[in-house]
Amino acid sequence: MQLLFLSVQPLVSLALGMKQKGGYEVAFWTVRPVDEFVKRQGIQCYVHDLDTDALMRRTQVKVNEGAAERLGKALGFFKAVTEVMLEPDIAPLIDAIPQAVLEAHQAYKPDLTITSHCMPAISCAEYLHIPVVYVALQPMYPTRHFPPWAFRSTNFAPNMQWMNKPLGKLFMSIYENQTYLKGVKKCRQLANLPVRRFSDGTPV
């Protein structure tokens, strides 16, 4: 049985355990430079040319230049990342992620896909008629007691924690529409799948 992973840490440990103890064939799709870590474990790797270290260095430069001063640390960081992702040498690599993920699935032909945040993987699994395991490694959607993960680095005072949920939903709506949703729709177009709905009828 072949497994394709689309997130590295901590799923590399899971992949090694399944390979060594369960006899599964495993492979990863990833970006640079984390592909070096995956390859050192003796695991096959489909590598996309996006360099996340370079992306984060540019983001930090923008933060140091004052991108976070007016918006606060978390939203300022998100704004800086968004600006870097739109730069002319980075944007094409971001836009190519859905195609790269689909091509990895077509080449490896996994029996199961496992991911924590690579949303095009769900459509790739649908394209190949295979299961997909989506592992949420942090609360993606906010609750009353958990602050939005990229909106605020500390919790509100107890009497204001009711704000976590509505503010988190607002942020996640913006985040999903600017990042995940675009990639998912592009992947579905490339795979000749219905763009607006998954096969079970759930809206994309």
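Begin by selecting histidine 129, which sits in the loop between helix H7 and strand E5 (132-134) of what is a predicted model. The phi angle of histidine 129 is near 60°, a positive value in a residue other than glycine. Most residues other than glycine have a negative phi. Histidine 129 counts as exposed because its relative accessibility is 72%, and exposed here means over 50%.

Next, select asparagine 192, in the segment after helix H9 (180-190). Asparagine 192 also has a positive phi, near 60°, and it counts as exposed because its relative accessible area is 71%.

Now turn to proline 33, which lies in the loop between strand E2 and helix H2 (34-40). The peptide bond that joins arginine 32 to proline 33 is cis, with an omega of about 0°, and, as a general matter, most peptide bonds are trans.

From there, move to the largest nonpolar core, which has 23 residues, and highlight those with the most contacts inside it: Leu4, Leu6, Trp29, Tyr46, Leu50, Leu55 and Val101. Strands E2 (25-32) and E3 (44-51), together with helices H4 (73-85), H6 (97-108) and H7 (120-128), each give two or more residues to this core, and H6 provides the largest share, six residues.

Which residues does tyrosine 46 touch, not counting those up to four places away in sequence? Select Leu4, Ala27, Phe28, Trp29, Thr30, Ala104, Ala107 and Tyr108 to see these partners of tyrosine 46.

Finally, look for a second, separate core of 14 residues, and pick out Phe5, Ala15, Val26 and Val38, which are among them.

Technical notes
Residues are numbered from 1 along each chain as its sequence is written. This is a predicted model: local features need pLDDT of at least 70, side-chain atom pairs count only at pLDDT 80 or more; totals for chains, interfaces and linings use all residues. Side-chain values use heavy atoms; hydrogens and water are left out. A nonpolar core is a set of buried Ala, Val, Leu, Ile, Met, Phe, Trp, Tyr and Cys residues joined through side-chain atoms within 4.5 Å. Buried means under 20% relative accessible area, exposed over 50%, partly exposed in between (1.4 Å probe, protein chains only). Helices (H or I, at least four residues) and strands (E, at least two) are DSSP runs, numbered from the N terminus. Contact means heavy atoms within 4.5 Å.
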